[in-house]
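Student: I should like a close look at a single part of this structure, set in the context of the whole. Please take the overall architecture before the detail.

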Amino acid sequence: MQTTVPRMDEREARAWLGLITVLQLLPNALNAQLLRDSGVTHFEFSVLSTLYTAPEPVTGMTELARRTDSTLPRLSHVCSRLEQRGFVERTPRPTDRRATDVRLTTQGRQKLIHAIPKHIELVRSLVIDALSPEQLDALIGITGAIEPRLTADAARRGADPTPGRSSTAG
């Protein structure tokens, strides 16, 4: 029995390949700029941003992993580097010594605040300024249409459907 593989028409393929290209190039550009100008990776910036915007001053590692769309081992490794540099502090949770809490230090807050202007400058030059107001509205609509599907897919896979978006917000 032969099955038919669904195909994309030329327009769909151009849209899909364009999106994939942007998704591959943009994170590398953001990472390179943050490393060059601030000495932090894009993921480290995301962790610092997530802690900075957290509703409470202390966040559990499991919650932080969900909010940054990370695995606990990856986050633990990154938090170790950030802690060695004085940007975060990890402590055992008082109510459950098996759990670890993390908080942004004053030095980490300063590092983040220092990194934001150049980060926003690059985001503007690569993305925002490349679009007309109408295209920017279209991008808002496009991401708004795709995000719920990705959120539902993440929930089905058991991942947190609402990771932090702090890295794009500056």
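Tutor: The protein has seven helices and three strands, both taken as DSSP runs numbered from the N terminus, with helices being H or I over at least four residues and strands E over at least two. The order of these elements from the N terminus is α-α-β-α-α-β-β-α-α-α. This is a predicted model, in which local features need pLDDT of at least 70 and side-chain atom pairs count only at pLDDT 80 or more, while totals for chains, interfaces and linings use all residues. Residues are numbered from 1 along each chain as its sequence is written, and side-chain values use heavy atoms, with hydrogens and water left out.

The C-alpha trace of the protein spans about 55 × 45 × 25 Å along its principal axes. Of its 170 residues, 29% count as buried; buried stands for under 20% relative accessible area, exposed for over 50%, and partly exposed for what lies in between, with a 1.4 Å probe and protein chains only. Among contacts (heavy atoms within 4.5 Å) with a separation of 6 or more, 56% join residues 24 or more positions apart.

The part chosen for the close look is helix 2, together with its surroundings. Helix 2 comprises residues 42–53. Its twelve residues should span 16 Å at 1.5 Å a residue, and the end C-alpha atoms are indeed 16 Å apart; the expected span is 1.5 Å times one less than the number of residues. Helix 2 is largely enclosed by the rest of the structure, because ten of its twelve residues are buried. These ten are His42, Phe43, Glu44, Phe45, Ser46, Val47, Leu48, Ser49, Thr50 and Leu51.

One partner of helix 2 is helix 4 (residues 72–84), whose axis comes within 11 Å of that of helix 2 and crosses it at roughly 85°. Here the axes are lines fitted to C-alpha atoms, for helices over the stretch in contact, and angles run from 0 to 180 degrees between N-to-C directions. The two helices are therefore roughly perpendicular to each other, on a scale where under 35 degrees is roughly parallel, over 145 roughly antiparallel, 65 to 115 roughly perpendicular and the rest oblique. Helix 2 contributes Phe43, Glu44, Val47 and Leu48 to the contact, and helix 4 contributes Arg74, Leu75, Val78, Cys79, Arg81 and Leu82. By class, seven of these residues are nonpolar, none is polar and three are charged; Ala, Val, Leu, Ile, Met, Phe, Trp, Tyr, Cys and Pro count as nonpolar, Asp, Glu, Lys and Arg as charged, and the others, Gly among them, as polar. As background, an α-helix has 3.6 residues a turn, so residues three or four places apart point the same way.

The loop between helix 3 (61–67) and helix 4 holds Asp69. This residue has a positive phi of about 55° although it is not a glycine, and Asp69 counts as exposed because its relative accessibility is 51%.

A further neighbour of helix 2 is helix 1. The buried residues of helix 1 pack against helix 2 and also against helix 5 (106–126); they are Leu30, Gln33, Leu34 and Ser38. Helix 1 runs from residue 10 to residue 38, with 29 residues, and reaches 41 Å from its first C-alpha to its last, close to the 42 Å expected. At its N-terminal end Asp9 acts as a cap, with a side-chain oxygen 3.1 Å from the backbone nitrogen of Arg11. Just after helix 1, Gly39 takes a positive phi of about 75°.

Helix 1 also has residues that are not buried. Thr21, in helix 1, is partly exposed at a relative accessible area of 39%. Arg36, also in helix 1, counts as exposed at 60%. The side chain of Arg36 makes a polar contact (3.3 Å) with that of Asp37; the term denotes a pair of N or O atoms within 3.5 Å, where within protein one must be able to donate a hydrogen and the other to accept it, and residues adjacent in sequence count only if both atoms are side-chain atoms.

In helix 5 lies Ile116, which is buried at a relative accessible area of 18%. Its C-alpha atom is separated by 11 Å from that of Leu48, 68 residues away along the chain.
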